[in-house]
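Open the model in your viewer and set it to a cartoon with side chains available on demand. The stops below each name a selection and then say what is there.

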Amino acid sequence: MVNGVERFGVSMAPDLLSRFDEVIAARGYTNRSEAIRDIVRDYLIEQQWESGEGEVIGTLTLVYDHHEHDTMEQLTALQHHYHEAILSTLHIHLDAHHCLEVIVVRGSSTDIRRLADKVITTRGVKHGKLTCTTTGQGLA
Ligand code: NI
């Protein structure tokens, strides 16, 4: 280990490596190490969410038509039920019909996933996506 980092070699087929280099260059990475570190962090965060250990944070983004069914009432009821896991909600009126909501969540991954599933499958929600992250503790 030198200067707090450890170097390791990776064997890879040339075609795979050149495709990887193209993609990371297009995304703005200046070297492979930076890209690989981000990929490893992303993988570890995903594992933390899947293992259900500890506290996780994330954002739940959804689009719905506020005229359809009783979608707004259902979503409000759900958010009140899970109020301890919800830090903030941003609501934007996209046009005459559509609303965009971004819900910032924090809690156990089990609770957050349950809340996300209920919100995303609520009748009238056209699109919903949970983005998982962490405070980054332990991820240098
Ligand atoms: Ni609205």
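**Stop 1: Asp111**

Select Asp111, which is partly exposed at 34% relative accessibility; buried means under 20% relative accessible area, exposed over 50% and partly exposed in between, using a 1.4 Å probe and protein chains only. This is a predicted model, in which local features need pLDDT of at least 70 and side-chain atom pairs count only at pLDDT 80 or more, while totals for chains, interfaces and linings use all residues. Residues are numbered from 1 along each chain as its sequence is written, and side-chain values use heavy atoms, with hydrogens and water left out.

Asp111 sits in helix 4. Helices (H or I, at least four residues) and strands (E, at least two) are DSSP runs, numbered from the N terminus. Now add Tyr82: 29 residues separate Tyr82 and Asp111 along the chain, and their C-alpha atoms are 8.5 Å apart.

**Stop 2: helix 4**

Extend the selection to residues 109-120, the 12 residues of helix 4. The end C-alpha atoms of helix 4 are 16 Å apart, which agrees with the 16 Å that its residues should span at 1.5 Å a residue; the expected span is 1.5 Å times one less than the number of residues.

Which residues of helix 4 are buried? They are Ser109, Ile112, Leu115, Ala116 and Val119. Looking down the axis of helix 4, you will find these buried residues within an arc of 130°, so they line one face of the helix; the arc is that of the directions from the helix axis to the C-beta atoms. An α-helix has 3.6 residues a turn, so residues three or four places apart point the same way. Among the elements that the buried residues of helix 4 pack against are helix 3 (71-81), strand 2 (86-93) and strand 3 (98-108); contact means heavy atoms within 4.5 Å.

**Stop 3: helix 2**

Helix 2 (32-51) is another packing partner of those buried residues. Helix 2 has 20 residues, and its end C-alpha atoms are 28 Å apart, in agreement with the 28 Å expected at 1.5 Å a residue. Colour its buried residues, Ala35, Ile45 and Trp49. They cover an arc of only 90° around the axis, which puts them on the same side of helix 2. Their cover includes helix 1, strand 1, helix 4 and strand 4. On the face turned away from the buried side, helix 2 carries the exposed residues Tyr43 and Glu50.

Ile39 is also in helix 2, and at 47% relative accessibility Ile39 counts as partly exposed.

**Stop 4: helix 1 against helix 2**

Select residues 14-26 for helix 1, whose 13 residues reach 18 Å from first C-alpha to last, close to the 18 Å expected at 1.5 Å a residue. Just after helix 1, Gly28 takes a positive phi of about 100°.

How do helix 1 and helix 2 pack, and at what angle? The angle is about 85° and the axes are 10 Å apart; axes are lines fitted to C-alpha atoms, for helices over the stretch in contact, and angles run from 0 to 180 degrees between N-to-C directions. The two helices are therefore roughly perpendicular (65 to 115 degrees; under 35 is roughly parallel, over 145 roughly antiparallel and the rest oblique). Leu17, Phe20, Asp21 and Ile24 of helix 1 make the contact with Arg32, Ala35, Ile36 and Ile39 of helix 2.

**Stop 5: the nickel ion**

Finish at the nickel ion, whose protein donors are His91 (NE2), His93 (ND1) and Cys99 (SG), 2.1 to 2.4 Å from it. Donors are N, O and S atoms within 2.8 Å of the metal (3.2 Å for Na, K and Ca); water is not among the atoms, so sites may look incomplete. Along the chain, the donors follow the spacing H-x1-H-x5-C. His93 is exposed, with a relative accessible area of 62%, whereas Cys99 is buried at 2%.
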